[in-house]
Amino acid sequence: MKQEFKVITNLVEKNTRVLDVGCGDGTLMEFLKNNKKIDIRGIEISKNNVQKCIKKGLTVIEGDAEKDLTQFPDRSFDFVILSQTLQAFLNPKIVIDELLRVGKKAIVTIPNFGFWKVRLHLLIKGTMPITKDLPDEWYNTPNLHMCTIKDFFNFCNNRKIKLDKSLALHNKKTSLITNINLTIKNLSAELGIFLIEK
Amino acid sequence: MNNTINLKKIIIDKALKLDCGKIINNFPVAYETYGTLSNKKDNAILIFHALTGDQFVSGINPITKKDGWWSYAVGPGKAINTDKYFVICANVIGGCMGSYGPADIDSNTNKIFGTNFPVITINDMVNAQYNLLDFFKIDQLFCVTGGSMGGMQVLQFVSNFPDKAKIAIPIACTASHSAQNIAFNELGRQSIMADVNWVNGNYLNEKLNPDKGLSVARMAAHITYLSKNGLQEKFGRKLQERDNLKFGFDADFQIESYLRHQGAVFVDRFDANSYLYITRAMDYFDLIKQNDGNLSKAFEKSKTKFFVISFTSDWLYPTSENKDIVIALNAIGADVGFVEIESDKGHDSFLLNVPEFLESLKNYINTSYLKN
(Lines give C-alpha, C1' and ligand atoms only; values in the text may rest on other atoms or scores of the structure.)
Protein backbone atom coordinates (compact mmCIF):
# COMPACT_ATOMS: atom_id res chain seq x y z
CA MET A 1 0.00 0.00 0.00
CA LYS A 2 1.01 3.58 -0.62
CA GLN A 3 3.13 5.15 2.11
CA GLU A 4 0.62 8.01 2.22
CA PHE A 5 -2.14 5.60 3.24
CA LYS A 6 0.04 4.10 5.94
CA VAL A 7 0.62 7.56 7.40
CA ILE A 8 -3.10 8.35 7.26
CA THR A 9 -3.89 5.04 8.94
CA ASN A 10 -1.55 5.92 11.79
CA LEU A 11 -3.32 9.23 12.29
CA VAL A 12 -6.77 7.65 12.60
CA GLU A 13 -7.75 6.30 16.01
CA LYS A 14 -9.32 2.86 16.43
CA ASN A 15 -13.08 2.29 16.71
CA THR A 16 -14.02 5.64 15.24
CA ARG A 17 -16.40 6.84 12.52
CA VAL A 18 -14.61 7.95 9.38
CA LEU A 19 -15.66 9.46 6.06
CA ASP A 20 -13.31 9.08 3.09
CA VAL A 21 -14.06 11.88 0.64
CA GLY A 22 -13.09 10.87 -2.88
CA CYS A 23 -12.46 7.32 -1.73
CA GLY A 24 -11.44 6.04 -5.18
CA ASP A 25 -11.51 2.28 -5.47
CA GLY A 26 -11.74 1.89 -1.68
CA THR A 27 -8.16 0.74 -1.01
CA LEU A 28 -7.71 2.99 2.01
CA MET A 29 -11.24 2.34 3.29
CA GLU A 30 -10.75 -1.39 3.15
CA PHE A 31 -7.47 -1.13 5.02
CA LEU A 32 -8.90 1.10 7.75
CA LYS A 33 -11.94 -1.09 8.14
CA ASN A 34 -9.98 -4.31 8.49
CA ASN A 35 -7.10 -3.03 10.59
CA LYS A 36 -8.61 -0.42 12.84
CA LYS A 37 -12.25 -1.52 13.22
CA ILE A 38 -13.34 1.74 11.69
CA ASP A 39 -16.97 2.41 10.80
CA ILE A 40 -16.15 3.89 7.43
CA ARG A 41 -18.12 5.51 4.61
CA GLY A 42 -16.93 6.82 1.28
CA ILE A 43 -18.03 9.38 -1.25
CA GLU A 44 -16.84 8.86 -4.80
CA ILE A 45 -17.68 10.61 -8.05
CA SER A 46 -16.52 7.94 -10.51
CA LYS A 47 -19.14 5.27 -11.27
CA ASN A 48 -16.40 2.81 -12.06
CA ASN A 49 -14.76 3.28 -8.67
CA VAL A 50 -18.11 3.09 -6.88
CA GLN A 51 -18.61 -0.36 -8.42
CA LYS A 52 -15.18 -1.45 -7.17
CA CYS A 53 -16.05 -0.29 -3.65
CA ILE A 54 -19.35 -2.19 -3.66
CA LYS A 55 -17.50 -5.30 -4.72
CA LYS A 56 -15.26 -4.89 -1.68
CA GLY A 57 -18.33 -4.67 0.54
CA LEU A 58 -17.72 -1.02 1.38
CA THR A 59 -20.42 1.53 2.07
CA VAL A 60 -20.04 4.14 -0.61
CA ILE A 61 -22.21 6.95 -1.86
CA GLU A 62 -21.87 8.03 -5.45
CA GLY A 63 -21.65 11.78 -5.36
CA ASP A 64 -19.71 14.99 -5.74
CA ALA A 65 -17.89 16.04 -2.58
CA GLU A 66 -18.29 19.65 -3.59
CA LYS A 67 -22.09 19.39 -3.42
CA ASP A 68 -22.95 16.30 -1.43
CA LEU A 69 -21.15 16.88 1.87
CA THR A 70 -24.02 19.15 2.91
CA GLN A 71 -26.19 16.09 3.65
CA PHE A 72 -24.05 15.05 6.61
CA PRO A 73 -24.84 16.56 10.00
CA ASP A 74 -22.29 18.61 11.95
CA ARG A 75 -19.52 16.58 13.59
CA SER A 76 -21.07 13.29 12.46
CA PHE A 77 -17.66 11.72 11.85
CA ASP A 78 -14.57 11.53 14.06
CA PHE A 79 -12.30 11.87 11.04
CA VAL A 80 -12.87 13.00 7.49
CA ILE A 81 -10.16 12.09 5.00
CA LEU A 82 -9.35 13.96 1.81
CA SER A 83 -6.47 12.36 -0.03
CA GLN A 84 -4.84 14.37 -2.85
CA THR A 85 -8.14 15.76 -4.05
CA LEU A 86 -8.26 19.27 -2.60
CA GLN A 87 -6.54 20.75 -5.64
CA ALA A 88 -9.21 19.32 -7.97
CA PHE A 89 -12.14 21.23 -6.47
CA LEU A 90 -13.63 24.39 -7.90
CA ASN A 91 -13.70 25.89 -4.44
CA PRO A 92 -11.22 24.24 -2.05
CA LYS A 93 -11.96 26.76 0.70
CA ILE A 94 -15.61 25.71 0.94
CA VAL A 95 -14.61 22.04 0.85
CA ILE A 96 -12.22 22.51 3.78
CA ASP A 97 -14.96 24.31 5.72
CA GLU A 98 -17.32 21.42 5.00
CA LEU A 99 -14.74 18.81 6.05
CA LEU A 100 -14.29 20.58 9.36
CA ARG A 101 -18.03 20.90 9.87
CA VAL A 102 -18.81 17.25 9.14
CA GLY A 103 -15.76 15.85 10.92
CA LYS A 104 -14.37 16.54 14.35
CA LYS A 105 -10.99 16.33 12.66
CA ALA A 106 -9.87 16.17 9.05
CA ILE A 107 -6.87 14.59 7.39
CA VAL A 108 -5.89 16.41 4.20
CA THR A 109 -3.06 15.41 1.92
CA ILE A 110 -1.76 17.57 -0.91
CA PRO A 111 0.76 17.03 -3.68
CA ASN A 112 3.34 19.72 -2.98
CA PHE A 113 3.80 22.16 -5.85
CA GLY A 114 6.78 23.59 -3.96
CA PHE A 115 8.77 20.33 -4.29
CA TRP A 116 12.19 21.12 -5.79
CA LYS A 117 11.70 18.90 -8.84
CA VAL A 118 8.49 20.73 -9.66
CA ARG A 119 10.17 24.09 -9.29
CA LEU A 120 13.18 22.97 -11.33
CA HIS A 121 10.97 21.65 -14.12
CA LEU A 122 9.28 25.02 -14.49
CA LEU A 123 12.54 26.91 -14.09
CA ILE A 124 14.62 24.90 -16.54
CA LYS A 125 12.09 23.65 -19.06
CA GLY A 126 9.65 26.52 -18.80
CA THR A 127 6.69 24.17 -19.17
CA MET A 128 4.10 23.02 -16.65
CA PRO A 129 5.72 20.49 -14.31
CA ILE A 130 5.07 16.80 -14.82
CA THR A 131 6.23 14.50 -12.01
CA LYS A 132 5.35 11.16 -10.43
CA ASP A 133 2.66 12.80 -8.32
CA LEU A 134 1.57 15.25 -11.04
CA PRO A 135 1.49 13.07 -14.14
CA ASP A 136 -0.93 15.05 -16.33
CA GLU A 137 -0.40 17.70 -18.97
CA TRP A 138 -1.61 21.23 -18.30
CA TYR A 139 -4.58 20.73 -20.65
CA ASN A 140 -5.94 17.53 -19.16
CA THR A 141 -5.01 17.77 -15.52
CA PRO A 142 -7.93 17.55 -13.06
CA ASN A 143 -5.95 19.84 -10.78
CA LEU A 144 -7.46 23.32 -10.76
CA HIS A 145 -5.95 24.75 -7.60
CA MET A 146 -2.42 23.50 -7.05
CA CYS A 147 -0.78 24.69 -3.85
CA THR A 148 2.40 24.18 -1.88
CA ILE A 149 2.88 22.90 1.64
CA LYS A 150 3.63 26.46 2.65
CA ASP A 151 0.42 27.70 1.03
CA PHE A 152 -1.67 25.19 2.94
CA PHE A 153 0.21 25.87 6.15
CA ASN A 154 -0.47 29.60 5.81
CA PHE A 155 -4.06 28.98 4.75
CA CYS A 156 -4.73 27.12 7.98
CA ASN A 157 -2.95 29.67 10.15
CA ASN A 158 -4.78 32.59 8.55
CA ARG A 159 -8.14 30.91 8.98
CA LYS A 160 -7.52 29.81 12.56
CA ILE A 161 -7.61 26.15 11.59
CA LYS A 162 -5.60 24.16 14.12
CA LEU A 163 -2.79 22.11 12.61
CA ASP A 164 -2.66 19.16 15.00
CA LYS A 165 -0.02 17.49 12.94
CA SER A 166 1.84 18.50 9.78
CA LEU A 167 3.88 15.84 8.03
CA ALA A 168 6.12 15.92 5.02
CA LEU A 169 6.51 12.82 2.90
CA HIS A 170 9.56 12.23 0.73
CA ASN A 171 10.88 8.91 -0.56
CA LYS A 172 8.58 6.97 1.81
CA LYS A 173 10.05 8.89 4.74
CA THR A 174 7.87 11.03 6.95
CA SER A 175 9.05 14.01 8.93
CA LEU A 176 7.40 16.66 11.03
CA ILE A 177 6.82 20.09 9.55
CA THR A 178 7.31 23.00 11.97
CA ASN A 179 7.35 26.77 11.66
CA ILE A 180 11.14 26.58 11.68
CA ASN A 181 11.72 23.99 8.95
CA LEU A 182 8.71 24.96 6.81
CA THR A 183 10.77 26.48 4.01
CA ILE A 184 13.02 23.42 3.80
CA LYS A 185 10.17 20.92 3.90
CA ASN A 186 8.33 22.92 1.29
CA LEU A 187 11.29 22.30 -0.99
CA SER A 188 12.08 18.71 -0.10
CA ALA A 189 8.68 17.00 0.28
CA GLU A 190 6.54 15.55 -2.47
CA LEU A 191 3.48 15.33 -0.32
CA GLY A 192 2.07 17.17 2.69
CA ILE A 193 -0.18 15.37 5.17
CA PHE A 194 -2.14 17.47 7.64
CA LEU A 195 -4.33 16.60 10.59
CA ILE A 196 -6.49 19.62 11.17
CA GLU A 197 -9.42 20.73 13.28
CA LYS A 198 -11.46 23.85 13.79
CA MET B 1 -58.44 -14.78 -14.38
CA ASN B 2 -56.50 -17.25 -12.25
CA ASN B 3 -59.09 -19.88 -11.42
CA THR B 4 -57.41 -22.73 -13.19
CA ILE B 5 -54.02 -22.59 -11.46
CA ASN B 6 -53.54 -23.43 -7.84
CA LEU B 7 -51.85 -20.41 -6.27
CA LYS B 8 -50.05 -20.69 -2.93
CA LYS B 9 -51.90 -18.68 -0.35
CA ILE B 10 -51.93 -18.01 3.34
CA ILE B 11 -55.14 -16.90 4.99
CA ILE B 12 -54.44 -14.11 7.44
CA ASP B 13 -56.65 -14.69 10.47
CA LYS B 14 -55.27 -11.72 12.40
CA ALA B 15 -57.48 -8.66 11.90
CA LEU B 16 -55.76 -5.93 9.92
CA LYS B 17 -56.85 -2.35 10.44
CA LEU B 18 -56.43 -0.49 7.17
CA ASP B 19 -55.41 3.17 6.91
CA CYS B 20 -58.92 3.97 5.65
CA GLY B 21 -60.29 2.77 9.00
CA LYS B 22 -61.84 -0.49 7.82
CA ILE B 23 -60.80 -3.77 9.38
CA ILE B 24 -60.23 -6.84 7.24
CA ASN B 25 -60.23 -10.42 8.48
CA ASN B 26 -59.49 -13.89 7.14
CA PHE B 27 -58.12 -12.60 3.88
CA PRO B 28 -55.76 -14.37 1.48
CA VAL B 29 -52.20 -13.35 0.63
CA ALA B 30 -50.88 -15.27 -2.37
CA TYR B 31 -47.15 -15.85 -2.49
CA GLU B 32 -44.39 -17.73 -4.23
CA THR B 33 -40.97 -18.82 -2.99
CA TYR B 34 -37.69 -19.70 -4.69
CA GLY B 35 -34.69 -21.47 -3.20
CA THR B 36 -34.38 -23.00 0.25
CA LEU B 37 -34.54 -21.43 3.67
CA SER B 38 -31.29 -22.15 5.53
CA ASN B 39 -31.30 -23.92 8.90
CA LYS B 40 -30.32 -20.69 10.59
CA LYS B 41 -33.12 -18.95 8.67
CA ASP B 42 -30.70 -16.17 7.84
CA ASN B 43 -30.96 -16.15 4.04
CA ALA B 44 -34.52 -14.94 3.38
CA ILE B 45 -35.07 -12.15 0.89
CA LEU B 46 -38.52 -10.59 0.68
CA ILE B 47 -39.13 -9.00 -2.70
CA PHE B 48 -41.93 -6.48 -3.14
CA HIS B 49 -43.43 -6.17 -6.59
CA ALA B 50 -44.32 -3.02 -8.54
CA LEU B 51 -47.70 -1.79 -9.81
CA THR B 52 -48.41 -4.52 -12.32
CA GLY B 53 -46.16 -7.23 -10.92
CA ASP B 54 -47.13 -10.33 -9.01
CA GLN B 55 -45.57 -13.04 -6.87
CA PHE B 56 -43.98 -14.78 -9.86
CA VAL B 57 -40.58 -13.12 -9.71
CA SER B 58 -38.56 -15.73 -11.53
CA GLY B 59 -38.94 -18.82 -13.68
CA ILE B 60 -42.04 -19.13 -15.84
CA ASN B 61 -45.16 -17.36 -14.65
CA PRO B 62 -47.80 -20.13 -14.64
CA ILE B 63 -50.57 -17.70 -15.58
CA THR B 64 -48.97 -15.74 -18.40
CA LYS B 65 -46.55 -18.51 -19.43
CA LYS B 66 -43.90 -15.81 -19.73
CA ASP B 67 -40.73 -15.21 -17.74
CA GLY B 68 -41.26 -13.92 -14.21
CA TRP B 69 -41.09 -10.13 -14.00
CA TRP B 70 -37.63 -10.02 -12.40
CA SER B 71 -36.04 -12.97 -14.20
CA TYR B 72 -32.97 -10.94 -15.11
CA ALA B 73 -32.19 -10.37 -11.43
CA VAL B 74 -33.59 -13.40 -9.63
CA GLY B 75 -32.85 -17.08 -10.20
CA PRO B 76 -30.14 -19.70 -9.89
CA GLY B 77 -26.75 -17.96 -10.27
CA LYS B 78 -28.38 -14.58 -10.83
CA ALA B 79 -27.79 -11.34 -8.87
CA ILE B 80 -30.32 -12.55 -6.30
CA ASN B 81 -29.08 -16.11 -6.38
CA THR B 82 -31.83 -18.57 -5.51
CA ASP B 83 -29.21 -21.33 -5.08
CA LYS B 84 -28.06 -19.36 -2.07
CA TYR B 85 -30.99 -17.29 -0.86
CA PHE B 86 -34.60 -18.05 -0.03
CA VAL B 87 -36.72 -15.60 -2.00
CA ILE B 88 -40.29 -14.82 -1.01
CA CYS B 89 -42.63 -12.62 -3.00
CA ALA B 90 -46.30 -12.00 -2.35
CA ASN B 91 -49.03 -10.45 -4.43
CA VAL B 92 -50.04 -7.13 -2.83
CA ILE B 93 -53.49 -6.81 -1.34
CA GLY B 94 -55.64 -4.94 -3.81
CA GLY B 95 -53.95 -7.00 -6.53
CA CYS B 96 -55.38 -9.62 -8.83
CA MET B 97 -53.09 -12.64 -8.55
CA GLY B 98 -54.69 -14.39 -5.63
CA SER B 99 -54.33 -11.88 -2.80
CA TYR B 100 -57.34 -10.12 -1.34
CA GLY B 101 -58.57 -7.68 -3.97
CA PRO B 102 -61.51 -6.00 -5.68
CA ALA B 103 -62.25 -9.10 -7.79
CA ASP B 104 -62.97 -11.13 -4.62
CA ILE B 105 -66.43 -11.84 -3.26
CA ASP B 106 -67.71 -9.48 -0.59
CA SER B 107 -69.02 -11.84 2.10
CA ASN B 108 -71.63 -9.25 3.13
CA THR B 109 -73.31 -9.11 -0.25
CA ASN B 110 -72.09 -12.31 -1.91
CA LYS B 111 -71.19 -10.17 -4.88
CA ILE B 112 -67.83 -9.25 -6.28
CA PHE B 113 -66.45 -6.20 -4.44
CA GLY B 114 -65.59 -3.97 -7.38
CA THR B 115 -65.17 -0.47 -6.01
CA ASN B 116 -66.75 -1.54 -2.71
CA PHE B 117 -63.35 -2.96 -1.85
CA PRO B 118 -61.69 -0.73 0.74
CA VAL B 119 -59.04 1.70 -0.48
CA ILE B 120 -55.68 0.32 0.53
CA THR B 121 -52.29 1.96 1.02
CA ILE B 122 -48.63 0.97 0.74
CA ASN B 123 -48.67 0.70 4.53
CA ASP B 124 -51.58 -1.77 4.37
CA MET B 125 -49.80 -3.85 1.71
CA VAL B 126 -46.68 -4.08 3.84
CA ASN B 127 -48.58 -4.93 7.02
CA ALA B 128 -50.41 -7.71 5.20
CA GLN B 129 -47.18 -9.17 3.83
CA TYR B 130 -45.50 -9.00 7.22
CA ASN B 131 -47.57 -12.06 8.15
CA LEU B 132 -45.32 -14.09 5.85
CA LEU B 133 -42.52 -13.82 8.44
CA ASP B 134 -44.72 -15.55 11.02
CA PHE B 135 -45.79 -18.11 8.47
CA PHE B 136 -42.21 -19.05 7.63
CA LYS B 137 -41.10 -18.56 11.26
CA ILE B 138 -38.43 -16.10 10.17
CA ASP B 139 -37.33 -13.78 12.93
CA GLN B 140 -35.33 -11.43 10.74
CA LEU B 141 -35.16 -11.21 6.96
CA PHE B 142 -31.72 -10.96 5.45
CA CYS B 143 -32.96 -8.50 2.86
CA VAL B 144 -35.98 -6.58 1.65
CA THR B 145 -35.87 -5.21 -1.87
CA GLY B 146 -37.99 -4.04 -4.76
CA GLY B 147 -38.19 -1.45 -7.50
CA SER B 148 -40.68 1.34 -8.09
CA MET B 149 -43.74 0.65 -5.91
CA GLY B 150 -41.72 -2.29 -4.58
CA GLY B 151 -39.12 0.21 -3.38
CA MET B 152 -41.81 2.22 -1.61
CA GLN B 153 -42.82 -0.93 0.22
CA VAL B 154 -39.17 -1.49 1.20
CA LEU B 155 -39.07 1.96 2.81
CA GLN B 156 -42.41 1.43 4.55
CA PHE B 157 -41.37 -2.02 5.75
CA VAL B 158 -38.22 -0.77 7.49
CA SER B 159 -40.18 2.12 8.97
CA ASN B 160 -42.88 -0.21 10.34
CA PHE B 161 -40.57 -3.04 11.37
CA PRO B 162 -37.20 -1.45 12.17
CA ASP B 163 -35.46 -4.65 13.28
CA LYS B 164 -36.89 -7.13 10.79
CA ALA B 165 -34.48 -6.69 7.87
CA LYS B 166 -30.70 -6.78 7.94
CA ILE B 167 -30.35 -4.94 4.66
CA ALA B 168 -32.78 -2.98 2.50
CA ILE B 169 -32.39 -2.18 -1.19
CA PRO B 170 -34.98 0.29 -2.49
CA ILE B 171 -34.60 0.70 -6.24
CA ALA B 172 -35.87 3.48 -8.56
CA CYS B 173 -38.42 4.76 -6.10
CA THR B 174 -39.41 7.71 -3.96
CA ALA B 175 -40.40 8.47 -0.39
CA SER B 176 -43.26 10.66 -1.54
CA HIS B 177 -45.26 10.27 -4.75
CA SER B 178 -44.79 13.37 -6.89
CA ALA B 179 -47.52 15.49 -8.50
CA GLN B 180 -46.35 14.29 -11.92
CA ASN B 181 -46.72 10.67 -10.89
CA ILE B 182 -50.15 11.26 -9.36
CA ALA B 183 -51.09 12.95 -12.65
CA PHE B 184 -50.03 9.97 -14.75
CA ASN B 185 -51.88 7.59 -12.44
CA GLU B 186 -55.00 9.73 -12.65
CA LEU B 187 -54.78 9.61 -16.44
CA GLY B 188 -54.79 5.81 -16.26
CA ARG B 189 -57.69 5.69 -13.85
CA GLN B 190 -59.78 8.12 -15.89
CA SER B 191 -59.13 6.06 -18.97
CA ILE B 192 -60.49 2.94 -17.22
CA MET B 193 -63.47 4.78 -15.77
CA ALA B 194 -64.29 6.29 -19.17
CA ASP B 195 -64.79 2.81 -20.63
CA VAL B 196 -68.55 2.14 -20.79
CA ASN B 197 -67.88 -1.44 -19.73
CA TRP B 198 -66.43 -0.32 -16.43
CA VAL B 199 -69.99 0.32 -15.15
CA ASN B 200 -68.87 2.01 -11.93
CA GLY B 201 -66.51 -0.84 -11.19
CA ASN B 202 -69.27 -3.44 -11.30
CA TYR B 203 -68.16 -5.04 -14.59
CA LEU B 204 -67.34 -8.49 -13.17
CA ASN B 205 -70.84 -8.88 -11.68
CA GLU B 206 -72.27 -7.81 -15.04
CA LYS B 207 -69.89 -10.02 -17.06
CA LEU B 208 -68.33 -7.07 -18.83
CA ASN B 209 -64.70 -6.10 -19.33
CA PRO B 210 -63.38 -2.52 -19.55
CA ASP B 211 -60.42 -3.76 -21.56
CA LYS B 212 -60.25 -0.73 -23.88
CA GLY B 213 -59.87 1.64 -20.94
CA LEU B 214 -57.37 -0.58 -19.16
CA SER B 215 -55.38 -0.99 -22.35
CA VAL B 216 -55.11 2.79 -22.88
CA ALA B 217 -54.09 3.18 -19.22
CA ARG B 218 -51.31 0.68 -19.79
CA MET B 219 -50.18 2.33 -23.00
CA ALA B 220 -49.89 5.73 -21.36
CA ALA B 221 -48.09 4.30 -18.35
CA HIS B 222 -45.74 2.31 -20.54
CA ILE B 223 -44.43 5.51 -22.14
CA THR B 224 -43.49 6.79 -18.70
CA TYR B 225 -41.43 3.66 -18.04
CA LEU B 226 -39.17 4.35 -21.02
CA SER B 227 -36.89 7.23 -21.92
CA LYS B 228 -37.02 9.54 -24.90
CA ASN B 229 -33.61 8.39 -26.10
CA GLY B 230 -34.48 4.75 -25.55
CA LEU B 231 -37.66 5.10 -27.61
CA GLN B 232 -35.91 7.04 -30.34
CA GLU B 233 -33.17 4.48 -30.60
CA LYS B 234 -35.48 1.48 -30.62
CA PHE B 235 -38.29 2.82 -32.80
CA GLY B 236 -37.41 6.19 -34.24
CA ARG B 237 -39.93 6.87 -37.00
CA LYS B 238 -39.79 3.32 -38.33
CA LEU B 239 -42.96 2.14 -40.03
CA GLN B 240 -44.88 -0.99 -39.11
CA GLU B 241 -44.86 -3.60 -41.90
CA ARG B 242 -45.39 -0.98 -44.60
CA ASP B 243 -43.25 1.15 -46.87
CA ASN B 244 -45.29 4.33 -46.81
CA LEU B 245 -47.68 6.23 -44.59
CA LYS B 246 -51.27 5.08 -45.13
CA PHE B 247 -52.97 8.42 -44.43
CA GLY B 248 -55.26 6.87 -41.84
CA PHE B 249 -55.35 6.05 -38.16
CA ASP B 250 -54.11 2.52 -38.33
CA ALA B 251 -50.77 1.90 -36.59
CA ASP B 252 -48.39 3.32 -39.20
CA PHE B 253 -45.45 3.61 -36.83
CA GLN B 254 -43.75 0.77 -35.00
CA ILE B 255 -44.07 2.62 -31.72
CA GLU B 256 -47.85 2.73 -32.14
CA SER B 257 -48.01 -0.95 -32.87
CA TYR B 258 -45.72 -1.68 -29.91
CA LEU B 259 -47.87 0.30 -27.50
CA ARG B 260 -51.09 -1.30 -28.78
CA HIS B 261 -49.50 -4.68 -28.24
CA GLN B 262 -48.45 -3.75 -24.71
CA GLY B 263 -52.01 -2.65 -23.97
CA ALA B 264 -53.56 -5.75 -25.51
CA VAL B 265 -51.46 -8.32 -23.63
CA PHE B 266 -51.88 -6.44 -20.36
CA VAL B 267 -55.67 -6.72 -20.23
CA ASP B 268 -55.43 -10.49 -20.36
CA ARG B 269 -53.56 -10.64 -17.09
CA PHE B 270 -54.72 -7.64 -15.09
CA ASP B 271 -57.92 -6.51 -13.44
CA ALA B 272 -59.03 -2.93 -14.14
CA ASN B 273 -60.22 -2.28 -10.59
CA SER B 274 -56.94 -3.56 -9.19
CA TYR B 275 -55.25 -1.00 -11.40
CA LEU B 276 -57.36 1.72 -9.78
CA TYR B 277 -56.66 0.51 -6.24
CA ILE B 278 -52.94 0.01 -6.61
CA THR B 279 -52.30 3.33 -8.37
CA ARG B 280 -54.29 5.00 -5.59
CA ALA B 281 -52.08 3.34 -2.99
CA MET B 282 -49.01 4.74 -4.77
CA ASP B 283 -50.51 8.23 -4.91
CA TYR B 284 -51.30 8.18 -1.21
CA PHE B 285 -47.73 7.16 -0.37
CA ASP B 286 -45.97 9.96 1.46
CA LEU B 287 -43.50 8.65 4.02
CA ILE B 288 -42.29 12.21 4.59
CA LYS B 289 -45.72 13.39 5.69
CA GLN B 290 -46.20 10.21 7.73
CA ASN B 291 -43.19 11.43 9.72
CA ASP B 292 -44.24 15.05 10.14
CA GLY B 293 -42.06 16.32 7.35
CA ASN B 294 -38.88 14.60 8.52
CA LEU B 295 -38.12 11.46 6.51
CA SER B 296 -35.21 10.58 8.81
CA LYS B 297 -37.69 9.83 11.57
CA ALA B 298 -39.01 6.89 9.53
CA PHE B 299 -35.68 5.12 9.98
CA GLU B 300 -34.25 6.37 13.25
CA LYS B 301 -35.20 3.23 15.20
CA SER B 302 -33.63 0.95 12.63
CA LYS B 303 -30.17 -0.55 12.24
CA THR B 304 -30.97 -1.82 8.77
CA LYS B 305 -28.22 -1.22 6.20
CA PHE B 306 -29.47 0.57 3.08
CA PHE B 307 -28.37 0.52 -0.52
CA VAL B 308 -30.28 2.91 -2.77
CA ILE B 309 -30.12 2.53 -6.56
CA SER B 310 -31.37 4.92 -9.24
CA PHE B 311 -31.03 5.16 -13.02
CA THR B 312 -29.84 8.12 -15.10
CA SER B 313 -32.72 8.03 -17.60
CA ASP B 314 -35.52 7.35 -15.08
CA TRP B 315 -37.64 10.51 -15.18
CA LEU B 316 -40.55 8.93 -13.31
CA TYR B 317 -38.58 8.28 -10.13
CA PRO B 318 -35.52 10.42 -10.83
CA THR B 319 -32.17 10.22 -9.10
CA SER B 320 -32.96 13.35 -7.08
CA GLU B 321 -35.91 11.64 -5.37
CA ASN B 322 -33.85 8.53 -4.65
CA LYS B 323 -31.10 10.74 -3.28
CA ASP B 324 -33.55 12.35 -0.85
CA ILE B 325 -33.80 8.93 0.79
CA VAL B 326 -30.00 8.75 1.03
CA ILE B 327 -29.85 12.24 2.52
CA ALA B 328 -32.48 11.38 5.14
CA LEU B 329 -30.53 8.27 6.10
CA ASN B 330 -27.21 10.10 6.27
CA ALA B 331 -28.78 12.71 8.52
CA ILE B 332 -29.17 10.05 11.20
CA GLY B 333 -25.84 8.35 10.55
CA ALA B 334 -27.40 5.25 9.04
CA ASP B 335 -25.28 2.86 7.00
CA VAL B 336 -26.34 3.82 3.48
CA GLY B 337 -24.75 3.30 0.10
CA PHE B 338 -25.95 4.82 -3.13
CA VAL B 339 -25.30 4.32 -6.81
CA GLU B 340 -26.80 5.85 -9.93
CA ILE B 341 -26.67 3.43 -12.84
CA GLU B 342 -26.06 4.71 -16.35
CA SER B 343 -28.85 3.41 -18.59
CA ASP B 344 -31.04 4.74 -21.39
CA LYS B 345 -33.84 2.28 -20.61
CA GLY B 346 -35.76 4.67 -18.36
CA HIS B 347 -37.65 3.60 -15.26
CA ASP B 348 -37.91 0.06 -16.64
CA SER B 349 -34.12 -0.30 -16.29
CA PHE B 350 -34.50 -2.21 -13.04
CA LEU B 351 -36.52 -4.91 -14.83
CA LEU B 352 -34.17 -5.24 -17.79
CA ASN B 353 -30.76 -6.62 -18.55
CA VAL B 354 -28.63 -3.72 -17.32
CA PRO B 355 -25.34 -5.44 -16.42
CA GLU B 356 -23.93 -2.69 -14.20
CA PHE B 357 -27.12 -2.67 -12.15
CA LEU B 358 -27.26 -6.44 -11.78
CA GLU B 359 -23.58 -6.46 -10.84
CA SER B 360 -24.10 -3.84 -8.11
CA LEU B 361 -27.09 -5.71 -6.75
CA LYS B 362 -25.22 -9.00 -6.71
CA ASN B 363 -22.09 -7.61 -5.09
CA TYR B 364 -23.97 -5.66 -2.45
CA ILE B 365 -26.10 -8.64 -1.46
CA ASN B 366 -23.26 -11.13 -1.45
CA THR B 367 -20.80 -9.00 0.51
CA SER B 368 -23.53 -8.13 3.03
CA TYR B 369 -24.38 -11.79 3.49
CA LEU B 370 -20.71 -12.64 4.09
CA LYS B 371 -20.75 -10.34 7.09
CA ASN B 372 -23.64 -12.25 8.65
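Domain bounds here come from an automatic or database domain assignment, and on that basis chain B is divided into domain 1 (9-178 + 286-370) and domain 2 (182-278). Keep in mind that this is a predicted model.

**View 1. The two domains of chain B.** Domain 1 of chain B is written as two stretches, 9-178 and 286-370, while domain 2 of chain B covers 182-278. Put a point at the C-alpha centre of each domain of chain B and the two points sit 26 Å apart.

**View 2. Where domain 1 of chain B touches domain 2 of chain B.** Zooming in on this contact, you'll find 27 residues from domain 1 of chain B and 20 residues from domain 2 of chain B. What's on the domain 1 side? That side of chain B breaks down into 12 nonpolar, 11 polar and 4 charged residues.

**View 3. Chain B meets chain A.** Here the contact draws on 19 residues of chain B and 14 residues of chain A. On the chain B side, three elements each chip in at least two residues: helix 9 (319-330), strand 14 (336-341) and helix 10 (355-370). Helix 10 of chain B gives the most, with 7 residues. Sorted by class, the chain B side that touches chain A holds 7 nonpolar, 6 polar and 6 charged residues.

**View 4. Chain B on its own.** Chain B has 10 helices and 14 strands. Its C-alpha trace spans about 65 × 50 × 40 Å along the principal axes. A compact globule of 372 residues would have a radius of gyration near 21 Å, and chain B, at 20 Å, agrees with that. Of those 372 residues, 48% are buried. As for how the chain folds back on itself, take the contacts in chain B with a separation of 6 or more: 70% of them are between residues 24 or more positions apart.

**View 5. Chain A on its own.** Chain A has 8 helices and 8 strands. Along its principal axes, the C-alpha trace of chain A runs to about 45 × 35 × 30 Å. How does its radius of gyration fit a compact globule? For 198 residues you'd expect a value near 16 Å, and chain A comes in at 16 Å, so the two agree. Buried residues account for 42% of the 198 in chain A. Looking at contacts in chain A between residues at least 6 apart in sequence, 64% join residues at least 24 apart.

Definitions and conventions: Residues numbered from 1 in each chain as written. Chains lettered and ligands numbered in written order. Predicted model: local features only at pLDDT ≥ 70, side-chain atom pairs only at ≥ 80, totals over all residues. Helix = DSSP H or I, 4+ residues; strand = E, 2+ residues; numbered from the N terminus. Rg over C-alpha atoms; globule rule 2.2 N^0.38 Å. Buried ≥ 20, exposed ≤ 12 C-beta atoms within 10 Å, placed from the backbone. Contact = placed C-beta atoms within 7 Å. Nonpolar A, V, L, I, M, F, W, Y, C, P; charged D, E, K, R; others polar.
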